[in-house]
Amino acid sequence: MAIDFTNRSGADSGPSGAKDATAVPKFRPYDHPAAGWGAARSVTEFMIGQEHEPLLGPLAIMRMNHENGGFDCPGCAWPDSIKGIHLDICENGIKHVTWEMTHKRVGAEFFAAHTVTELAGWSEHDLENQGRLTEPMRYDADSDRYVPITWSQAFEVVGRALRELDDPDRASFYTSGRLGNEATFLYQLLARELGTNNLPDCSNMCHEASGRALQASLGTGKGTCDLEDWESTDALFIMGVNAASNAPRMLTALAEANRRGARIVHINPLIEAGSRRTIIPHEFARMATFRATPIGTMNLQTRIGGDFAVLRGIAKAVLEESHTDPKALDREFIERHTTGFDVYRAKVEATPWTQIEQQSALSEAQIRKAARIYCDADRSIISWCLGITQHEHGVDTVREIVNLLLLRGNLGREGAGPSPVRGHSNVQGNRTCGIDHRPTAAFLDRLGTVCGIDPPRAYGLDTVATIEAMHRGDVQVFVGMGGNFALAAPDTAYTFDALRRCELTVQVSTKLNRSHLVHGRQALILPCLGRTERDEQRGGLQQTSVEDSMAMVHLSKGMKKPASHQLRSEPAIIAGIAEAALPHSRTPWDHYVEDYDRIRDTMAEVLDGFEDFNRRVRLPLGFRIRQPARELVFLTPSGKAEFSAADLPDLTAEPGTLTLTTMRSHDQWNTTIYSDNDRYRGVQNLRTLVFMNEHDMRDRGLELFDEVDITSFARDGSTRSVQRYKAIPYDIPRGCAAGYMPELNVLCAIGDYSTQSDQPIMKNLKVTIERSQ
């Protein structure tokens with residue numbers, strides 16, 4: 001069945017389907033500091049009021065993100081404090097951990113009481129709010145229920161399905177960013193020993209554009225900055241990031257930057273709370289006196305997708321200034337370390353200011369003001385997130401970020417460089433440790449030599465291609481390692497149909513979610529340990545490693561008794577599947593699972609930068625993977641950093657249409673929805689909404705909370721719609737609109753992905769918005 005997201009919200013409906021008449025939508029613009037007492041109050045209400053964890057929650061806080069013996073926050077990938085701050089935590093991280101540590105349980109009795117058809121009518125909040133999955137389950141079509149299955153039986157079901165495939169490419173192995181490095185390595189080894197590079201991951205939907213752009217420009221798929229750079233830079237340019245919700249611990253870095261005199265420019269269609277001022281909760285004196293710190297020098301409110309034009313405008317201003325001030329450019333750096341500058345300069349000089357203004361929705365004066373900040377700074381960092389990448393021209397935009405940095409030599413020195421903000425705790429580690437549908441020949445050669453396998457050489461399927469292949473019937477077995485694939489993916493109805501065409505879907509999960517209800521002809525739910533839980537194997541208590549968004553690798557050790565004695569670790573689950581699917585494998589799967597040090601020893605032989613892994617990862621802060629570009633070593637065809645010279649995209653919309661971007665609410669983590677509130681945007685009790693410019697609303701005769709239908713227009717001419725969303729006037733540029741994912745993922749057609757990165761263009765949907773009839 002297709003899911004109807006209209007009025008499907010955690011506050012409005014419960015498991016019984018009854019509507020809560022007291023949950024009246026409210027909207028009041030938020031003008032308080034980010035974090036501070038608002039965050040403290042929200043966390044307290046969540047731990048005590050919703051999760052009833054007044055003891056375990058605070059205990060977890062004292063063990064999260066510690067350099068010695070703690071567990072890594074399973075939320076965002078912002079680096080841990082290099083100053084040893086033991087309260088290096090945030091509101092969303094605490095909620096994420098408390099949500100995982102809930103006392104509620106979902107086992108055989110729960111599934112016996114509810115059919116899948118019934119559960120499909122529940123909201124996303126209600127599904128996850130039932131608690132932790134406790135035992136392996138299989139779908140029984142006759143009763144339309146999940147029923148218990150033993151681990152050995154479950155492994156045999158998966159193993160048999162994989163063994164019987166006539167082509168290993170008929171299987172696809174997806175992972176979310178929560179998977180630890182050791183499990184990641186085993187997972188890709190399983191797929192490649194089976195014979196496929198079908199390894200789609202959440203990065204295919206998030207930062208694929210960043211990786212491809214940085215690889216093309218600098219010869220590395222990662223940013224070059226670390227926290228020490230953030231602490232010494234003179235200027236920060238924050239692009240397409242809602243820091244207060246997406247990476248709340250970034251607020252600490254922004255506050256510290258402001259206090260030492262750094263300039264901070266935010267570039268985003270919405271002026272978010274995290275771009276104005278903050279009170280950092282662990283700064284007790286400021287909390288006690290309600291003393292906020294400004295965290296923004298300037299806000300450039302570009303149109304959706306207009307970031308490329310903003311960057312081009314800043315570069316144009318820098319080049320113009322260089323005509324009278326030779327110091328505006330770092331000519332020595334450009335000559336020694338780059339190629340393509342003359343072509344780029346000609347392209348920028350040929351781009352008229354009128355085009356830049358039109359495409360950015362900003363004035364020349366505004367852009368020149370930002371350029372002045374950039375030129376006055378000796379060292380600058382440009383940081384960005386999905387507001388930059390989920391567009392057709394995402395790769396070109398990230399390359400333009402690098403172009404701008406190269407002009408003034410902002411690379412290879414302290415306090416300068418590109419710094420992408422990864423959204424999930426180990427999504428960067430997943431890619432580092434082998435989850436890549438386009439692996440390099442060098443990686444495959446080393447993997448084959450060390451592990452004694454013959455890995456496939458042809459590129460595999462990414463996320464969009466996997467969905468299309470499932471829809472055609474070419475992929476018959478889908479394994480999801482964490483996450484909520486059904487809802488995170490684009491074109492919801494198409495994705496649901498694709499999953500239902502599989503012979504077998506396997507979901508390795510901690511909580512019930514939509515992906516368990518949208519399944520293949522056979523389906524398994526395999527419950528795994530959470531990051532907060534103790535992982536006991538035959539070799540003793542185990543630790544896993546993760547890589548943050550600044551390439552620091554460190555250990556994470558769970559502290560809590562597992563939610564069920566039947567839970568297995570992710571490495572153990574992968575090993576169980578592998579032994580069933582590959583009965584003649586020479587890989588010592590059981591040996592690996594007994595002691596994760598053994599996995600790390602093998603990883604040290606295969607992965608560049610992981611040499612002496614077991615010793616280095618046990619250092620107080622772990623270790624940083626070497627980034628050649630940080631040392632001005634560029635693994636590009638030219639051996640230098642490469643300027644690109646792309647044309648500005650035309651963002652002109654058809655008359656009567658708007659450009660809509662999807663985003664998360666504040667009380668949400670990826671597809672996990674804690675409540676129907678979005679504190680920083682002033683919304684209560686509502687998720688089925690659309691933020692609009694007040695003039696665009698007036699043109700359509702709309703007022704606050706009027707119901708509207710939103711229709712998207714795909715490249716192939718097809719349309720998709722949601723009905724009866726509530727319109728809210730908001731400070732957003734004319735011609736732009738915004739609403740929440742995953743509800744609005746339904747509007748992004750499966751074919752609407754970037755030809756540069758293959759990412760779904762979820763932040764650049766062409767829509768009409770009309771009053772509901």
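The following paragraphs lead from the overall form of the chain to several of its local elements.

The structure is a predicted model. Its single-chain statistics give a first orientation: the secondary structure comes to 31 helices and 33 strands. Along the principal axes, the C-alpha atoms fill a box of roughly 75 × 65 × 55 Å. For 773 residues, a compact globule would have a radius of gyration near 28 Å, and the value of 25 Å found for the chain agrees with this. Of the 773 residues, 66% are buried. Among contacts with a separation of 6 or more, 78% join residues 24 or more positions apart.

The surface and the charges complete this general view. The accessible surface of the chain comes to about 26,700 Å², and carbon and sulfur atoms contribute 50% of that area. The chain carries 85 positive and 102 negative charges, and the mean positions of these two sets are 3 Å apart.

Among the local elements, strand β7 is a useful place to begin. Strand β7 is largely enclosed by the rest of the structure, because five of its five residues are buried. In a regular strand, the side chains alternate between the two faces of the sheet. In β7, Ala 171, Phe 173 and Thr 175 lie on one side, while Ser 172 and Tyr 174 lie on the other, and all of these residues are buried, with the result that both faces are covered. Strands of a sheet pair through backbone hydrogen bonds, in either the parallel or the antiparallel sense. The pairing of β7 with strand β16 (residues 477-481) is parallel and extends over five bridges. Within this pairing, Ala 171 has Val 477 of β16 as its bridge partner.

The loop between β7 (171-175) and α8 (181-194) contains Arg 178. Arg 178 counts as buried because its relative accessibility is 16%, below the 20% limit that defines the buried class. Beyond residues up to four places away in sequence, Arg 178 touches Glu 100, His 424, Ser 425, Gly 482, Thr 510, Cys 528, Leu 529, Gly 530, Arg 531 and Glu 570.

Phe 111 offers another buried site to examine, and its place is in helix α4 (residues 108-113). With 1% relative accessibility, Phe 111 counts as buried. Leaving aside neighbours within four places in sequence, the contacts of Phe 111 are Val 106, Leu 119, Leu 133, Met 137, Arg 145, Tyr 146, Leu 512 and Ile 525. Phe 111 may also be located relative to Tyr 174 of strand β7: the two residues are 63 residues apart along the chain, and their C-alpha atoms are separated by 25 Å.

A second group of strands forms an open sheet of three members, with the order β2-β10-β11 and mixed pairing. Strands β2 (34-35) and β11 (293-294) are the edge strands, each pairing on one side only. Between β2 and strand β10 (residues 277-279), the pairing is parallel and comprises two bridges. Here Ala 35 stands opposite Ile 279 in β10.

The last element considered is helix α12 (residues 250-259), which is mostly covered, with seven of its 10 residues buried. The buried residues are Met 250, Leu 251, Thr 252, Ala 253, Leu 254, Ala 255 and Ala 257. After α12 comes Gly 261, which has a positive phi near 95°.

Notes
Residues numbered from 1 in each chain as written. Predicted model: local features only at pLDDT ≥ 70, side-chain atom pairs only at ≥ 80, totals over all residues. Heavy atoms only, no water. Helix = DSSP H or I, 4+ residues; strand = E, 2+ residues; numbered from the N terminus. Rg over C-alpha atoms; globule rule 2.2 N^0.38 Å. Buried < 20%, exposed > 50% of the residue type's maximum accessible area, 1.4 Å probe, protein only. Contact = heavy atoms within 4.5 Å. Areas by Shrake-Rupley, 256 points an atom, 1.4 Å probe, with all protein chains shown as cover. Lys, Arg positive; Asp, Glu negative; His and termini not counted. Charge placed at Lys NZ, Arg CZ, Asp CG, Glu CD. Pairing = 2+ DSSP bridges.
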